[in-house]
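Colleague: I should like to go through this model with you, one question at a time. Please show the sequence and the structure before we begin.

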Amino acid sequence: MIREITRDDFDGLLRLYMELHDNPFPEKDEHVMAVWERIISDNDHHIIVADEDGVIAASCVCVIIPNLTRSQRPYAFIENVVTSAKYRRKGLATACLDYARELARKENCYKMMLLTGSKDRGVLEFYEKAGYNSSDKTAFIQWL
């Protein structure tokens, strides 16, 4: 089932995120829980998950960003696309991205953007099949 995250999904999401860049499971301290509360309370911050029998198997984040150009239409930014290794190649990440696209359309976004640090040809082809291209824009990143 593809759906938006709930408060009760915190542990499952963080277990999935452990597979993204080898993130350790963070201690549930005041800071981490404050970040979680900020995210879950933000109507423009959507964490979309593939729930497979109570397991968060795949996810992506879709943030709707207000905008003063393009007739004041917002745009969507996609981040943290991840599927647990044992659930890959079942269409779950594609379904999460499809959900994000429908959400962006509902919010009248004029574009969606996605960045990946992967150079793996299979990953890049996955994003191309999902409708993204790497020819319209050039991305620059400054790490802080």
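Colleague: In this predicted model, which cysteine holds the sulfur closest to that of Cys 62?

Modeller: The two sulfurs in question are 6.6 Å apart, which is too far for a bond. A disulfide would require them to lie within 2.5 Å. The closest cysteine sulfur to that of Cys 62 belongs to Cys 109.

Colleague: How far is the sulfur of Cys 96 from the closest cysteine sulfur?

Modeller: The closest sulfur to that of Cys 96 is in Cys 60. This pair is also judged by the limit of 2.5 Å, and the sulfurs are too far apart for a bond. The distance is 5.3 Å.

Colleague: How many disulfides does the model contain by this rule?

Modeller: The rule asks for a pair of cysteine sulfur atoms within 2.5 Å. Cys 62 does not reach its closest partner, Cys 109, and Cys 96 does not reach Cys 60. By this rule the count is zero.

Colleague: Is Cys 62 buried or exposed?

Modeller: A residue is called buried when its relative accessible area is under 20%. Cys 62 has a relative accessibility of 0%, so it counts as buried. Cys 96 likewise has 0% and is classed as buried. The term for Cys 62 is therefore buried.

Colleague: Which residue stands opposite Ile 47?

Modeller: Ile 47 belongs to strand E2, residues 45-52. E2 pairs with strand E3, residues 55-65, in the antiparallel sense over eight bridges. In E3, the residue opposite Ile 47 is Val 61.

Colleague: How many residues of strand E2 are buried?

Modeller: Strand E2 pairs with E3 and also with strand E1, residues 2-4, in the antiparallel sense over three bridges. In the pairing with E1, Ile 2 stands opposite Ala 50. E2 is largely enclosed by the rest of the structure, because the number of its eight residues that are buried is six.

Colleague: Which residue in the turn between E2 and E3 has a positive phi?

Modeller: E2 and E3 form a hairpin, with two residues between them. The positive phi in this turn is about 55°, and it belongs to Asp 53.

Colleague: Is Leu 115 buried or partly exposed?

Modeller: Leu 115 lies in the loop between strand E5 and helix H4. Together with Ile 141 and Trp 143, Leu 115 makes a nonpolar surface patch of about 390 Å². Its relative accessibility is 35%, so Leu 115 counts as partly exposed.

Technical notes. Residues are numbered from 1 along each chain as its sequence is written. This is a predicted model: local features need pLDDT of at least 70, side-chain atom pairs count only at pLDDT 80 or more; totals for chains, interfaces and linings use all residues. Side-chain values use heavy atoms; hydrogens and water are left out. Buried means under 20% relative accessible area, exposed over 50%, partly exposed in between (1.4 Å probe, protein chains only). Helices (H or I, at least four residues) and strands (E, at least two) are DSSP runs, numbered from the N terminus. Two strands pair if DSSP finds at least two bridges between them. Patches are made of residues with over 30% relative accessible area and no salt bridge: like charges are joined within 9 Å, nonpolar side chains (Val, Leu, Ile, Met, Phe, Trp, Tyr) within 5 Å. Accessible areas come from the Shrake-Rupley method with a 1.4 Å probe; for residues, only the protein chains shown count as cover. A salt bridge is a side-chain nitrogen of Lys or Arg within 4 Å of a carboxyl oxygen of Asp or Glu.
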